[in-house]
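Biologist: I have some labels to question. Show me the model, then defend each term.

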Amino acid sequence: MKKKILIVEDDNLISTIFKMFLKELGYDLLGIVEDGKEAIRQCEELLPDIILMDVHLGGDLDGIQTTEIIKRKFDIPVIFLSSDTEEATIQRVINTHSYGYLVKPIDKKELGISIELAFYKHRFDVEQKLREKRYRNFITESPEAIIVVNDQGQIEYLNCLGLKLFKTAYIEDIMGLPFLSFVHENFKVEFNEKLGTALTMDQGIDYTHLRIRTIHDDWIDVGLTGAQIEFGGKKSLQLIVRDVTQEFSFKKMLEEKANIIHNLYDGVVTFDMQGLVRSWNKGCERILGLQEGEVLSRSFDQLNIFGNGKSFEELFLSPLEDKENLEVELEFKRNENEQRMISLTASFFRDGLDEEQGVICYIKDITEKKRNELLLKESEQRNRNLINAIPDLLFVIDESGVFLDYKIDDESLLAVRKESIVGTHLSKIFESKLVAEIEEKMKLVFSDHSLESVRYQMDTASGAKWFEARMTYLEKDRLLILVRENNA
């Protein structure tokens, strides 16, 4: 198919020469226009493949200004034509990221070569942008913090969870800074060597524990792995980073640091739409016990990877037809003596036309998490039993003065029906003077987490009684109030 050319030139003689050249070179001339505004209108209507643009046009817009608008609105490659070789003009042209600059008078062969180079360079740029868009979509949706480091060691890009890791909502706070500037001195020398090796040699970074700072200079422990990628047309390093501060502290206390950190590796596996394994990372090897060579290009159904007996269609394709992401937890029997729990987060990955190309699945070992959840439930039950053993009245109240929960053994001490407490405001139970005193005490508890008390008298089902209410901070918008009789 002939390439479509639009000429923007206000010199009739030169336009005629170009017209003759283009015909001889076998291109399709869409037209010749003399000013920038008409060139923009023609681009919208005709969508040329290449534009030959005179730098110095008459009218409100010169050739460079016109090109900036065309690039922004239509992304059509432009080759500049001019007899002007002044440095200021050349610099303006460079800033437009044009696809060529031909000095008049133009040679026919040179013109043809420039058009072909511009066309194929632009097509490469478009494909590169599409690849980068796919990658950005992938890491944006990733359930992990991802940071891209360029070949100079500077942070080139990071996703939302990466920003959260550094405790900021603004990518401008991080972009362009050396990743090493965030690494603790105790880890900097060793990690600098790993980073340099990964950036200069075609290899990644195995799981590494680091201490890094947030933009507020708080130190956190992280575990990361790195892989070589191409980003923005350049070799870069993709770091997958997880905040392991709490886990690391806990494992250190239990003297299991090395083993637990090793288990923080996550797996990433991709399947095509037929269920064939297309990629299998080291995390999968660690978690599932199968080497890459054993699974690549083999069928999910043949491998029975997760040991649950479901087919690829049943586990992934059918559920993903109804929702964007699939999250499931499975028991996984790695061998005869080891039962593990894993979580799977799966979604379709798509091409630039939004057509489904396969399934990507993130795998996490959550065995320890499940055990901790069980311990937490047992702890919560013990606390509940302890509270139930306290003979006093207990109430939970929010900062607006509304009762949210209670524990009552003796209903005769109440001024209202038991079932009407939750959702009731202080003002519905107490006199306004007492309400004002209670609210003043509540402000003190919320502001400095102090213990405050109020003594008051009120009518109950068993007559008028004196009470003491002690208020203590529970969480950001709630107080715990302990009430007992106080007739002293």
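Modeller: This is a predicted model. Start with helix 2, residues 36-46, where G36, A39, I40, Q42 and C43 are buried.

Biologist: What makes those residues of helix 2 "buried"?

Modeller: Buried means under 20% relative accessible area. G36, A39, I40, Q42 and C43 carry that label.

Biologist: Why say that the buried residues line one face of helix 2?

Modeller: Look down the axis of helix 2. The buried residues fall within an arc of 165 degrees, so they line one face. The face turned away from the buried side carries the exposed residues K37, E44 and E45. Exposed means over 50%.

Biologist: What covers the buried residues of helix 2?

Modeller: The cover includes strand 1 (4-8), strand 2 (28-33), strand 3 (50-54) and helix 3 (63-74).

Biologist: What makes D35 a cap of helix 2?

Modeller: A side-chain oxygen of D35 lies 3.2 Å from the backbone nitrogen of K37. The cut-off for a polar contact is 3.5 Å, so the pair counts. D35 caps the N-terminal end. Just after helix 2, L47 takes a positive phi of about 50 degrees.

Biologist: Now the empty space. How many cavities of 30 Å³ or more does the search find?

Modeller: The whole structure has 2. The largest has a volume of about 260 Å³. Among its 20 lining residues, F395, F403, F430, Y456 and V483 are the closest to the centre.

Biologist: What is the make-up of that lining by class?

Modeller: The largest cavity has 20 nonpolar, no polar and no charged lining residues. Tyr counts as nonpolar, so Y456 fits that tally.

Technical notes. Residues are numbered from 1 along each chain as its sequence is written. This is a predicted model: local features need pLDDT of at least 70, side-chain atom pairs count only at pLDDT 80 or more; totals for chains, interfaces and linings use all residues. Side-chain values use heavy atoms; hydrogens and water are left out. On a 1 Å grid over the protein atoms alone, a cavity is a set of points where a 1.4 Å probe fits but cannot get out, and a pocket is an open set with protein on both sides within 12 Å along at least five of seven lines; lining residues have an atom within 4 Å of a point. Grid points are joined across faces, edges and corners, and a volume is the space filled by probe spheres set on the points. Buried means under 20% relative accessible area, exposed over 50%, partly exposed in between (1.4 Å probe, protein chains only). Helices (H or I, at least four residues) and strands (E, at least two) are DSSP runs, numbered from the N terminus. The arc is that of the directions from the helix axis to the C-beta atoms. Contact means heavy atoms within 4.5 Å. A polar contact is a pair of N or O atoms within 3.5 Å; within protein, one must be able to donate a hydrogen and the other to accept it, and residues adjacent in sequence count only if both atoms are side-chain atoms.
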